[in-house]
Amino acid sequence: MTRVRCITEMGMGVDVHGRDATKAAKRAVSDAIRHSSLGFFRMFGKTANDMFVDVTIAVPNPEAVDTDAVARELPYGTKTVKAIAGGLEIPSDVGNDPILIANAAVIVSFDDGK
């Protein structure tokens, strides 16, 4: 069966203190989905649990992202989360307290039934 991409949402999350990649990633996913209400799938006889939700998180330190914790930010569907190198780390002026920025791409697709 082939997946059909229906929605692509982007988000950004920041951890201002602590350099916590998971916290920034969760905020990025929350930002991406916060303004969405997906009701169109009912027209095709699908439910929210029929969705495939694929998330890509970009942070400077992808190995530090707890992808299971990020997946829990998503309320429905079959979830896949991967972390890759990207995002942004802004050095601090004083001490060692950089700002960590994560970017998220959330793609929602459905099986076309073929």
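## Strand pairing around β5

I90 has I99 as its bridge partner in β5. This contact belongs to the pairing of β4 with β5, in which 3 bridges join the two strands and the strands run antiparallel. The model described here is predicted.

Strand β5 covers residues 99-111 and also pairs with β2, through 7 bridges in an antiparallel arrangement. Two residue pairs illustrate this pairing: T56 stands opposite A105 in β5, and I57 has A104 in β5 as its bridge partner. Strand β1 is joined to β5 as well, by 12 bridges, and these two strands again run antiparallel. One of the residue pairs that can be located in β5 is E9 with V106.

## Overall architecture

The chain contains 2 helices and 5 strands. Followed along the sequence, these elements appear in the pattern β-α-β-α-β-β-β. The C-alpha trace spans about 55 × 25 × 20 Å along the principal axes of the chain.

The chain has 114 residues, of which 32% count as buried. Among contacts with a separation of 6 or more, 78% are accounted for by residues 24 or more positions apart. The two salt-bridge pairs discussed below are examples of residues separated in this way: D54 and R3 are 51 residues apart, and R19 and E89 are 70 residues apart.

## Strand β2 and its two neighbours

Strand β2 comprises residues 52-59. The strand is mostly covered, with 6 of its 8 residues buried. Besides its antiparallel pairing with β5, β2 is joined by 8 bridges to strand β3 (residues 78-85), and β2 and β3 run parallel.

T56 takes part in both pairings of β2. Opposite T56 in β3 stands K82, while in β5 the residue opposite T56 is A105. Which residue of β5 is the bridge partner of I57? That partner is A104.

## Salt bridges

The count of salt bridges comes to 2. In one of them, D54 pairs with R3, and the closest N and O atoms are 2.9 Å apart. The pair links distant parts of the chain, since D54 lies in strand β2 and R3 lies in strand β1 (residues 3-15). Are the two partners buried, partly exposed or exposed? D54 has a relative accessible area of 23% and is therefore partly exposed, as this value lies between the limits of 20% for buried and 50% for exposed. R3 is likewise partly exposed, because its relative accessible area is 42%.

In the other salt bridge, R19 pairs with E89, with 2.7 Å between the closest N and O atoms. This pair also links distant parts of the chain: R19 belongs to the loop between β1 and α1, whereas E89 belongs to strand β4 (residues 88-90). R19 counts as partly exposed, because its relative accessibility is 43%. For E89 the relative accessibility is 29%, so E89 also counts as partly exposed.

## D20 in the loop between β1 and α1

D20 is found in the loop between β1 and α1, the loop that also holds R19 of the second salt bridge described above. What is the exposure of D20? Its relative accessibility is 32%, so D20 counts as partly exposed.

The side chain of D20 reaches the backbone nitrogen of K23 at 2.9 Å. Apart from residues up to four places away in sequence, D20 touches D15 and L100. L100 falls within β5, whose residues are 99-111, and D15 falls within β1, whose residues are 3-15. From D20 to S92 the separation is 72 residues in sequence and 15 Å in space, C-alpha to C-alpha.

## The largest pocket

The largest pocket encloses about 290 Å³ of space. It is lined by 16 residues, and those closest to its centre are S36, L38, M51, P75 and Y76. Which elements give two or more residues to the lining of the largest pocket? They are β1 and β5, two strands that are also joined to one another by 12 bridges.

How values were computed: Residues numbered from 1 in each chain as written. Predicted model: local features only at pLDDT ≥ 70, side-chain atom pairs only at ≥ 80, totals over all residues. Heavy atoms only, no water. Salt bridge = Lys/Arg side-chain N within 4 Å of Asp/Glu carboxyl O. Helix = DSSP H or I, 4+ residues; strand = E, 2+ residues; numbered from the N terminus. Buried < 20%, exposed > 50% of the residue type's maximum accessible area, 1.4 Å probe, protein only. Pairing = 2+ DSSP bridges. Contact = heavy atoms within 4.5 Å. Polar contact = N/O pair within 3.5 Å; in protein donor to acceptor, adjacent residues only side chain to side chain. 1 Å grid on protein atoms, 1.4 Å probe; cavity = no way out; pocket = protein on both sides within 12 Å on 5 of 7 lines; lining within 4 Å. Points joined across faces, edges and corners; volume = space filled by probe spheres on them.
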